[in-house]
Amino acid sequence: MDLAGVLKKNFGYDEFRPLQEEIVKDALAGRDVFALMPTGGGKSLCFQLPALLRDGLTIVVSPLISLMKDQVDALQTSGIAATLLNSTLDRNEAVERLRGLNRGEYRLLYVAPERLMLDTFLERALNWNIAQIAIDEAHCISEWGHDFRPEYRELKKLRTYFPDVPIMALTATATERVRKDIVDQLHLHDARCYVASFNRPNLTYHVVPKSSPYEQVLTLVRARPNESGIVYCASRKTADRLAAKLSGDGIKAKPYHAGLEAVERTKHQEMFLRDDVRVITATIAFGMGINKPNVRFVVHQDLPKNIESYYQETGRAGRDGLPSDCLLLFSASDVVKQRRFIEEKSEHEQRIAHEQLRTMIAYAETRECRRATLLKYFGEDFVTPSCEGCDNCLNPRETFDGTLHAQKFLSCVYRIHSKHGFGFGLNHIVDVLAGAETEGIRQRSHDQLSTYGIGQDLKRSAWQAIGRELLRLGLVAAAPGKFATLQLTDTGLAALRERKQITLTKPFEVEEKKRPKHRAGEIECDEALFEQLRILRRKLADERNVPAYIIFSDVALREMACACPTTATEFGQIPGVGQQKLRDFAKPFTAAITQYLASRSPQASEIP
């Protein structure tokens, strides 16, 4: 079977991305598959390409209307018979599409889990020749996942209705525990499991102290005048206020959250997808619907509650593989807010949430490579000395000999534990070091300890940062749960007794400006031509009433602005140009490139 030929003809690519070919072959062999691939890694092609190569219908379960429409628009633009069924269709449209499904006119059907699992829908589907079921965003089925959705739980019944139909589960974010849960919940038979690298080399990660968040966001947006981005906010009110302020300062911005009417939310998203709006200010709850390949920056104005959410949200930047930036504004007050939210949960949920938050804080404060820290969380090693794509590698944080301060902290933890046989939390340790006169200290006679008041040379915030760093260094361990009592590890005890030198990190004060000389995913091209091709792409997209990237990605335009194809044959060699797009778009794009080259030639500037 000529998989490479089908890939080129329908999708315009000369080669598969990592793992795609193996997954496609397993799908065509009728096997159940679990695939974990990062955002922008090409998950969709894993079920779209097999759908073209065999008889029957592929049902794609997708959680959001916007995602379905996006993919169906892209498939139809590439000449592939795909449709969707959701609540946006009127009755006549839905009936017409159901008739088409009964006649076998479609290769792919996109549907939400709620609709698919209706008894009436499943009974109707039994009459269709279903070749495969693909479940996108499969982490939603797991209670251990960061985005659990109860409606996804119903999908486990699919095995009962379609015992012989192969199932493919796909996600971009899942720890090992969540992966196992997905396979178990969906009753996958002897599933082939594929886990791609979590590394997104084209993303640059920065964490800066939150000082004046609006000015910090505005500065970043103004520094990228022609680029789109998402700013994540903790509340709807913040998202609304931020969008209004940006608009007042001449930046086209709109909010996107659950508090908006569905019509308004959809309108804002469409404006963003079509580049009528440059910045979306979003709450985390609705980020999954933003499926735009040329998002060049993602800002977290507020601290995410866990690493999974942060990874997935930053993953919406640079889906096309071009260089993009991820900025987290970090402050201690955000930590306090998150802890208040956690206290509203059940005791079981609180334990998990506190542990997840501690991991998120450790990421924000680490002096180690941020990429390595992220990948380690998902069980992947990144052994390169410098990733050249995070603030800590590009401009390493200043360190100092913190042995004396570390000794004071470790000694305080040790003496409190020796007195009671159990530990106390970080804030209490800091109170003792600072010589605070609290009821808790008096009651327990901690003002009689030799370490009481020995840390008055530093602010409380500095001692808290030292405590968190000693946790990260493995010299201190925190018990799970809300109070996170501290005790020395064997390594910490040895460091205390042997007075080992301990290097600590100076607090960071300013945003680092250094950028890599060459950024991963960069495509050097004629920037003026690229801008002209963007204008042409926008015009063609408006004529077809689709977002610009459905016509061509920024990657394809940059390749055009580099190779300058002026014939249909040359144009067909550009990545992303399949047969249908060659027929539809070769003429306008080659004409624009020819005209641009003529205007730049020496003869064009000569005076007759």
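**Exercise 1. In what order do the seven strands of the open sheet lie, and is the pairing parallel or antiparallel?**

*Ground rules.* This is a predicted model: local features need pLDDT of at least 70, side-chain atom pairs count only at pLDDT 80 or more, and totals for chains, interfaces and linings use all residues. Residues are numbered from 1 along each chain as its sequence is written, and side-chain values use heavy atoms, with hydrogens and water left out.

*Solution.*
Step 1. Fix the terms. Strands (E, at least two residues) and helices (H or I, at least four) are DSSP runs, numbered from the N terminus. Two strands pair if DSSP finds at least two bridges between them.
Step 2. Read the order: S3-S4-S2-S5-S6-S1-S7, with parallel pairing.
Step 3. Find the edges. Strand S3 (82-85) and strand S7 (192-195) each pair on one side only.
Step 4. Add the twist, which averages 15 degrees from one strand to the next. Axes are lines fitted to C-alpha atoms, for helices over the stretch in contact; angles run from 0 to 180 degrees between N-to-C directions.

**Exercise 2. Locate S2 in the sheet and describe its surroundings.**

*Solution.*
Step 1. Take one neighbour. S2 and S5 run parallel, joined by five bridges. Leu57 has Ile130 as its bridge partner in S5.
Step 2. Take S4. Four bridges pair S4 with S2 in the parallel sense. Here Val60 is partnered by Tyr110.
Step 3. Check burial (buried is under 20% relative accessible area, exposed over 50%, partly exposed in between; 1.4 Å probe, protein chains only). Five of the five residues of S2 are buried.
Step 4. Sort the side chains. Leu57, Ile59 and Val61 point one way, Thr58 and Val60 the other.
Step 5. Add the helices, with contact meaning heavy atoms within 4.5 Å. Helix H3 (residues 43-53) packs on the sheet and touches S2, S4, S5 and S6, at about 155 degrees to S6. Helix H5 (residues 91-102) lies across S2, S3 and S4, at about 130 degrees to S3.

**Exercise 3. Why is Cys369 not bonded to Cys393?**

*Solution.*
Step 1. State the rule: a disulfide is a pair of cysteine sulfur atoms within 2.5 Å.
Step 2. Apply it. The closest cysteine sulfur to that of Cys369 belongs to Cys393, 3.7 Å away, so the gap is too far for a bond.
Step 3. Try Cys562. Its nearest cysteine sulfur, in Cys525, is 7.0 Å away, and Cys562 is in no disulfide.
Step 4. Count: zero disulfides by this rule.
Step 5. Compare accessibility. Cys369 is buried at 12%, whereas Cys562 is partly exposed at 46%.
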